[in-house]
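Here are a few short exercises to work through with the model open in your viewer. Try each one yourself before reading on.

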Amino acid sequence: MKNYFDLKGQVALVTGCSAGFSVQMAKALASQGANIVALAHRKKKLDQVVVDLKKEYDIDAYTIACDITNTEMVDNAVKEAMEHFGHIDILINNAGTGAVAPAEDITDAQFDSEVQIDLFGSFRVAKQAMIPAKYGRIINIASMYGLVGNKIAGCAPYHAAKGGVINLTRALAAEWG
């Protein structure tokens, strides 16, 4: 029987890959043979993720420390990934943050940081990593909170940014699909 999820020879760039869901996505892709570019700003944690991926899945994995709010760093990270692997086939945009406080207590800087990382960071990495290839799959990780409000824990910037990621995904699919 053919394995329809065989990713051998493909390269997945995973943002926010120093912890949490991003690491789990990297493991899932690696378990199917994908090589991994682990991207995040915490280099020490990234290095450990890559050691674990290589050991457990016998794939090539590569770390790049990068702040996705910085266009020059993203450009350099994509160039470095391309130099190492020659191509990027899959992008998992999952880097994010979360300012949790009532909306009236959120500062402009907190709101801006959330949008810069969760929304603009997703756009920046997608544009820089996938446009040159003219091919690939982009998986933007949003949240149900991009569609609904949350009365229990205030996080208006997160809701706004994730709502933007949902519509960004629709727009990119329409333009680039």
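Accessible areas here come from the Shrake-Rupley method with a 1.4 Å probe. Keep in mind that this is a predicted model.

**Exercise 1.** Work out how much area the protein exposes and what share carbon and sulfur atoms supply.

*Solution.* Start with the total: the protein exposes about 9,500 Å². Then split it by atom type, and carbon and sulfur turn out to supply 55% of that area. For the inside, take buried as under 20% relative accessible area; 41% of the 177 residues in the protein pass that test.

**Exercise 2.** Describe the fold along the sequence, then check how compact the protein is.

*Solution.* Count the elements to begin with: there are 5 helices and 5 strands. Reading along the sequence, you get β-α-β-α-β-α-β-α-β-α. Now the size check: the radius of gyration is 16 Å, close to the 16 Å from the globule rule for 177 residues, so the protein is as compact as a globular protein of that length. Along the principal axes, the C-alpha atoms fill a box of roughly 50 × 35 × 35 Å.

**Exercise 3.** Place lysine 134 in the structure and decide: is lysine 134 buried or exposed?

*Solution.* First locate the residue: lysine 134 sits in the loop between helix H4 (108-130) and strand E5 (137-140). Next, its relative accessible area is 76%. The cut-off for exposed is over 50%, so lysine 134 counts as exposed. Finally, look across the chain: aspartate 89 is 45 residues away in sequence, and the two C-alpha atoms are separated by 9.8 Å.

Conventions: Residues are numbered from 1 along each chain as its sequence is written. This is a predicted model: local features need pLDDT of at least 70, side-chain atom pairs count only at pLDDT 80 or more; totals for chains, interfaces and linings use all residues. Side-chain values use heavy atoms; hydrogens and water are left out. Helices (H or I, at least four residues) and strands (E, at least two) are DSSP runs, numbered from the N terminus. The radius of gyration is taken over C-alpha atoms; the globule rule is 2.2 Å times the number of residues to the power 0.38. Buried means under 20% relative accessible area, exposed over 50%, partly exposed in between (1.4 Å probe, protein chains only).
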